[in-house]
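Trainee: Got a minute to go through this one with me? I'd like to start with how the helices pack and then move on to a sheet.

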Amino acid sequence: MKYLILGAGPAGLTFANKLKEMGETSFLVLEHEEEAGGLCRSAEVDGSPFDIGGGHFLDVRIPEVTKFLFGFMPESEWNKFDRDSRIVVGNNTIHHPMEANIWEMDIDSQVEYLKSIAAAGCNSGAKMPKDFVEWIFWKLGDKIAEDYMIPYNRKMFADDLNDLGTYWLDKLPSVSFEDTLRSCLTKHAYAKQPGHAQFYYPKKYGYGEVWKRMADNISGNIEYGKTAVKLNITEKSVTAKDGSVYQAENIITTIPWLEFEEIIGMPDDIRSMIKKLKYSSVETRYYSENMDTDAHWIYYPNDNLAYHRILVRHNFSLGSRGYWTETRKERISMITDDNFNYLNKYAYPLNTKEKPEIMKSVLEFGRENNIYGLGRWGEHQHYNSDITVNLSMKLAQQLNG
């Protein structure tokens, strides 16, 4: 075939459907699970949708992406929301992002945070540090670092945060003392809106529905229950766990590089680098009680709580009830109930210090040999689904244009 696509998540499904839209029929998608959707799959739990991969929403930022996805699931089947996300810090519950909403705290807390922000290294002219933890203190000040960013990132990603690099943190806003003070005085947020400032969520289904429909559109070109275990770059072939062998002119991999038990034709030094890639595993767990809040999701840096985030299902999946939690695998032992839960082995790629060099080598070598890493796991980047769809459409047009 012309294209072999590994993984039927948002990246693989978008790439395949874009090929079909362009008139290309010589392609096949291999999917490890028995259903499509990847991290964006949904199940029905307690009579309502439950997104087993965690909180995923369709951002409105890229018109080409929404137009493409609405071709499978019309806009009339989605609700549109203005994001309402919050953070519980001590006795204060405030809107996200924290630095823009300190004015919602009690007056004593506002004073302490303002003093801390004024003294932050980035505001006082101190040299920017290289280690993750020190960088957070330098960028945000002691109070935000200690009360929110350090404990939250530790709960979500890893116990040793200094394994992480700082190259990906530039997207964090500059915490201006002047703007923070202005927001406290005027009781109004002064900050750039975070991602998903506006988003779509299906009216009747979970987020997995749109990907299911995309899979149905290419049903003759997908094989389920096929676990890719060997990648032969020399022969442009992939061997599945059941012994099936597939050959193609171009191989598009959206699955984690760590999942290949064997890679033939790749230099030893690059192959050994792949083993250094790291990721976090996250469990989602359902609770039937409705929460007394209008928030869509809430962040919890409190280390005494196992979970780091709650998704308030009844506030975006209208007509449903309950909420679900997200908990890093290493913290699940803190949970004692037996509620419905699902463990996602591959939840977040970790931005370790070595990752940029590793992925540059892997992706460049792959492209030279018609092997293309794509999406969150093919590129080992923390992409949201809208970014993934956009990149996948562009790659399909580039290769098949």
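**Helix packing, then a sheet**

Mentor: Sure. Keep in mind this is a predicted model. In it, helix 5 passes helix 6 in a right-handed crossing.

Trainee: At roughly what angle do the axes of helix 5 and helix 6 cross?

Mentor: Roughly 140°, and the axes come within 8 Å. Helix 5 covers residues 132–140 and helix 6 covers 142–156.

Trainee: And why is helix 5 called oblique to helix 6?

Mentor: Because of that crossing angle, helix 5 counts as oblique to helix 6; roughly antiparallel would take an angle over 145 degrees.

Trainee: Which residues meet there?

Mentor: From helix 5 you have F132, V133, I136, F137 and L140. On the helix 6 side they meet D142, I144, A145, E146, M149, I150 and N153.

Trainee: How many of the contact residues are nonpolar, and how many charged?

Mentor: The contact of helix 5 with helix 6 has 9 nonpolar residues and 2 charged ones, plus 1 polar.

Trainee: OK, switching to the sheet. What's the strand order?

Mentor: It's 13-12-11-15, an open sheet of 4 strands with mixed pairing.

Trainee: Which strands sit at the edges?

Mentor: Strand 13 (245–247) and strand 15 (262–264), each pairing on one side only. From one strand to the next, the twist averages 20°.

Trainee: Do strand 11 and strand 15 pair in what sense, parallel or antiparallel?

Mentor: Parallel: strand 11, residues 228–232, pairs with strand 15 over 3 bridges.

Trainee: What stands opposite L231?

Mentor: That's I263, in strand 15.

Methods:
Residues numbered from 1 in each chain as written. Predicted model: local features only at pLDDT ≥ 70, side-chain atom pairs only at ≥ 80, totals over all residues. Heavy atoms only, no water. Axes fitted to C-alpha atoms, helices over the stretch in contact; angles between N-to-C directions. Helix = DSSP H or I, 4+ residues; strand = E, 2+ residues; numbered from the N terminus. Parallel < 35°, antiparallel > 145°, perpendicular 65-115°, else oblique. Left-handed = near helix turned anticlockwise from the far one by under 90°. Contact = heavy atoms within 4.5 Å. Nonpolar A, V, L, I, M, F, W, Y, C, P; charged D, E, K, R; others polar. Pairing = 2+ DSSP bridges.
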